[in-house]
Amino acid sequence: MKSNPTYLTTFSFLFITSQRFILLRKSLTKGSSLFFITTKPATYSTLCHAQVENDTEGGLEQPKDSIGVLRKWGCSDRDLLKILSRRPSLRNADLTHLQSKLNLLQGLGIKPADLVKIINCRPRFLSSRINHCFDERLQYFMTLFGSKEVLLKAIVRNPSLLTYDFHNCIKPAIALYERMGVSKNDLIPMLLSRPTVIPRTSFDDQKIEYIRRTGVPNTSKMYKYVVTIIGISKIETIREKVANFEKFGFSDEEVWRFFGRSPLFLTLSVDKVQRNMTFVVGTMKLPANVVLQYPYLLYNNLDGVLKPRMLLAGKIQDMNLCPQIKGPLLMRAMRMTEQRFLKAFVSCHPTDVAEELMVFYEKAKCCKRLAESSKKMITKGFPF
């Protein structure tokens, strides 16, 4: 049987030594050399490159770089721009390792848009060993979260769930909360809202005493917030925040009962609490314990909400307009959304008056604290 010269018949031999490999390729087409020899260092990358060449000749188009791998996975040019801006070293990533990690993520149901969020949150994510104990980790998380949808939400929220030490970090932390009386159903929303719960948690006798002082039973809905916030906080930070409240006349017992009713106060910085409390007592002329009944006075932004609304209340009083923002209505005004506040106290007036009040209110919101622009940012570390 005669061979047709128009057909291409190719075969390759790959000889591997301890240090180098030789790729021999034979082509039966006319005008081509029978053999040529290529020698390169016998590394994992070069062997994979040789395999990619052979796959390409066999009709399988393989990406030539990490950008091609990500694009083939489904990332758009805009996605690639965001990913590479956060992790430029991905341009030189090993294609085989990168593809294997992306296959794992694709099997979980992670989409390219979610990958962008993950890389933005954890730029080193694809450089980590996410395939370590992957099957065991996945099975454990499926049991914990109960559904694949919740698990995906947790991973996108905290990609480090796939990189934390499974046996020495994840399992002990979750078991610790179970011993503290936090059920898995209560722990799931905490893991979603506070991604650092697993690596930052620690309990000692002092923290357990703090939890007891709040007076919150383990059957209460607030218990999981109290335990997780105290669990991830430093003892020194907790003491500093308690002492800050005591400066305004609160007793130690009042402070802890206060934290039991509103655990999120432990997430507020000392500076924010001190500024808001000073404004409430000094400018609004209210007793300090009013925050026990109206805690949003400490949550609200001082420059964006409390101060401009208080100044507008004075402007309305000077113009002798109705309704006046004072008494019980003042507390309601501080709690309203921006749209509702403007509708209740600005838009209700005639057009010319409303425009004058609006100009005054906008100027009040733009007025910043003295030397705010030159304030030095002091980073005291986690948490809060």
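pLDDT is the predictor's confidence in each residue, on a scale from 0 to 100. For this protein, a predicted model, the mean pLDDT is 81, and 79% of the residues reach 70 or more. Local features need a pLDDT of at least 70 and side-chain atom pairs count only at 80 or more, whereas totals for chains, interfaces and linings use all residues. Residues are numbered from 1 along each chain as its sequence is written, and side-chain values use heavy atoms, with hydrogens and water left out.

The weak stretch is easy to place: pLDDT stays under 50 over residues 1-60. For that stretch the model has 75 contacts (heavy atoms within 4.5 Å) beyond four places in sequence. Where pLDDT is low, the predicted coordinates should not be read in detail.

As for the overall picture, the secondary structure comes to 21 helices and three strands; these are DSSP runs numbered from the N terminus, with helices being H or I over at least four residues and strands E over at least two. Of the 384 residues, 39% count as buried, meaning under 20% relative accessible area, with exposed over 50% and partly exposed in between (1.4 Å probe, protein chains only). The protein exposes about 22,400 Å², and carbon and sulfur atoms supply 54% of that area; accessible areas come from the Shrake-Rupley method with a 1.4 Å probe, and for residues only the protein chains shown count as cover. Among contacts with a separation of 6 or more, 65% are between residues 24 or more positions apart.

Now to the interior. The largest nonpolar core (buried Ala, Val, Leu, Ile, Met, Phe, Trp, Tyr and Cys residues joined through side-chain atoms within 4.5 Å) has 101 residues, and Leu 105 and Leu 297 touch the most other members. Beyond four places in sequence, the partners of Leu 105 are Trp 73, Ile 110, Leu 115, Phe 125, Leu 126, Ile 130 and Leu 162.

Helix α18 covers residues 302-318, and its 17 residues should span 24 Å at 1.5 Å a residue, the expected span being 1.5 Å times one less than the number of residues. Its end C-alpha atoms are 22 Å apart, which agrees. Asn 301 caps the N-terminal end of α18, with a side-chain oxygen 3.0 Å from the backbone nitrogen of Asp 303. Asp 303 is itself among the buried residues of α18, as are Leu 302, Arg 309 and Ile 316. The buried residues of this helix pack against α15, α17, α19, α20 and α21. Just after α18, Asn 320 takes a positive phi of about 55 degrees.

Two loop residues are worth a look. Thr 201, in the loop between α10 and α11, is buried, with a relative accessible area of 15%. Its side chain makes a polar contact of 2.6 Å with that of Tyr 177; such a contact is a pair of N or O atoms within 3.5 Å, where, within protein, one must be able to donate a hydrogen and the other to accept it, and residues adjacent in sequence count only if both atoms are side-chain atoms. The Thr 201 side chain also reaches the backbone oxygen of Val 197 at 2.3 Å. Ser 262, in the loop between α14 and α15, is buried too, at 13%, and touches Pro 295 and Tyr 299 beyond four places in sequence.
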